[in-house]
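Thanks for coming. I will go through the aromatic contacts first, then a strand and a helix. Please have the model open while I talk.

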Amino acid sequence: MAACTSQHALISVKPPRASASFGSDRRAGNVRFVSATSCCPGSRKLGLVCASNSQSSVIEPAKLPSSPESGSTPKKSSEAALILIRHGESLWNEKNLFTGCVDVPLTPKGVNEAIEAGKRICNIPVDVIYTSSLIRAQMTAMLAMMQHRRKKVPIIVHKESERAHQWSQVYSEETKKQSIPVITAWQLNERMYGELQGLNKQETADLFGKDQVHEWRRSYDIPPPNGESLEMCAERAVSYFKEQIIPQLVSGKHVMIAAHGNSLRSIIMHLDKLTSQEVISLELSTGIPMLYIFKEGKFIRRGSPAGPSEAGVYAYTKYMHNYNQKLKQL
């Protein structure tokens, strides 16, 4: 079993409103989010703790999109996996610069983080991948999927023009079966930091004052000069999640999202019903995947997979247990 975090860590999830029932399915262990000390006072960092008897959080169902023709809610699938991954360390993360929507690639450490993230999810089904339009998120998605047991090839879907879409068509049905579509969307981009982009964070604090920079970085509705607030980022990211990604989950597709700290915080805020005060203290580690199960219209938080050696991590439901067994036969 993967090593657990310190026994002094505090559980940072809300008490479950209801127990998740999966029939005769048994789990060897469970993984939950925990609070850990962070460099920012009052902030929460998502980590891991192993507990054999703990229950998972059941999130209230998101409002499902209606069919434009009939006005009815689409038929729900039995269950689907939703994986969220913040990209690995970028070159500007390493230099302590405000990055925002500047398109910066991963460092060697970030590449390794993406590979390790892929190992954690290598037994979890993935049918479609969503990333931002930024290279660090796309690199993370590609490197992660290269570790998957199914060995399917992630292929970026080009729809920026009719010609780009036409020229990138795949005409072999067998090849399509061995591929995973990767859909890029600017709505999943990092928060746009405006005039702070490219500035050193420490030098900016020295120039404008620590309190002012902290307000720009951590407040919910105060944007930096000519930039976006977290509230503005959440508006576009959550709208896209509701309109484009939830229908995939409803149809039974297993989805992975590789994106950024603020766009993913926005989605987690929506899934976990966090307040504006709770979300500003939420910190996401680079390269640590988080798993939700979409079941009967509800999002069930499962924490972060601990690694392929932890069999109980993948046997969350009867379906995933059977999926994992089939992978072992490949």
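How many aromatic pairs does the structure hold? The count is five. Keep in mind that this is a predicted model.

A word on how I describe them. A pair of aromatic rings is characterised by the distance of the centres and the angle of the planes.

Start with Phe98 and Tyr193. Their ring centres are 5.3 Å apart and the planes stand at 45°, so this pair is tilted. The cut-offs matter here: under 30 degrees would count as stacked and over 60 as edge-to-face. In sequence, the two residues are 95 residues apart, and the pair links distant parts of the chain. Phe98 is in the loop between helix H1, 91-94, and helix H2, 108-120. Tyr193 is in the loop between S10 and helix H6, 201-208. Both Phe98 and Tyr193 are buried.

The next pair is Tyr130 with Tyr240. This one is edge-to-face, with 6.1 Å centre to centre and 75° between the planes. Here too the pair links distant parts of the chain, with Tyr130 in strand S8 and Tyr240 in helix H8, residues 230-250, 110 residues apart. Tyr130 and Tyr240 are both buried.

Two further items on rings. Phe241, Phe294 and Phe299 form one aromatic cluster. And back at Phe98, the charged end of Lys201 sits over the ring, 5.7 Å from its centre.

Now to strand S8, residues 128-131, where Tyr130 sits. Which way do its side chains point? Val128 and Tyr130 point one way, Ile129 and Thr131 the other way, and all are buried.

S8 has parallel partners. With strand S11, residues 255-259, S8 pairs in the parallel sense over four bridges. Thr131 has Ala258 as its bridge partner in S11. Strand S10, residues 179-184, is joined to S8 by three bridges and also runs parallel to S8. On that side, Tyr130 has Ile183 as its bridge partner. Tyr130 therefore comes up twice in this talk, in a ring pair with Tyr240 and in a bridge with Ile183.

Last, helix H9, residues 261-272. H9 has twelve residues and reaches 16 Å from its first C-alpha to its last, close to the 16 Å expected at 1.5 Å a residue. Is H9 mostly covered or mostly open? Mostly covered: twelve of its twelve residues are buried. Among them are charged-type names such as Arg265 and Asp272, along with Leu264, Ile267 and Ile268. After H9 comes Lys273, with a positive phi near 55°.

Terms used: Residues numbered from 1 in each chain as written. Predicted model: local features only at pLDDT ≥ 70, side-chain atom pairs only at ≥ 80, totals over all residues. Heavy atoms only, no water. Expected span 1.5 Å × (residues − 1). Buried < 20%, exposed > 50% of the residue type's maximum accessible area, 1.4 Å probe, protein only. Pairing = 2+ DSSP bridges. Phe/Tyr/Trp six-rings, centres within 6.5 Å; stacked < 30°, edge-to-face > 60°. Lys NZ or Arg CZ within 6 Å of the ring centre and 35° of its normal.
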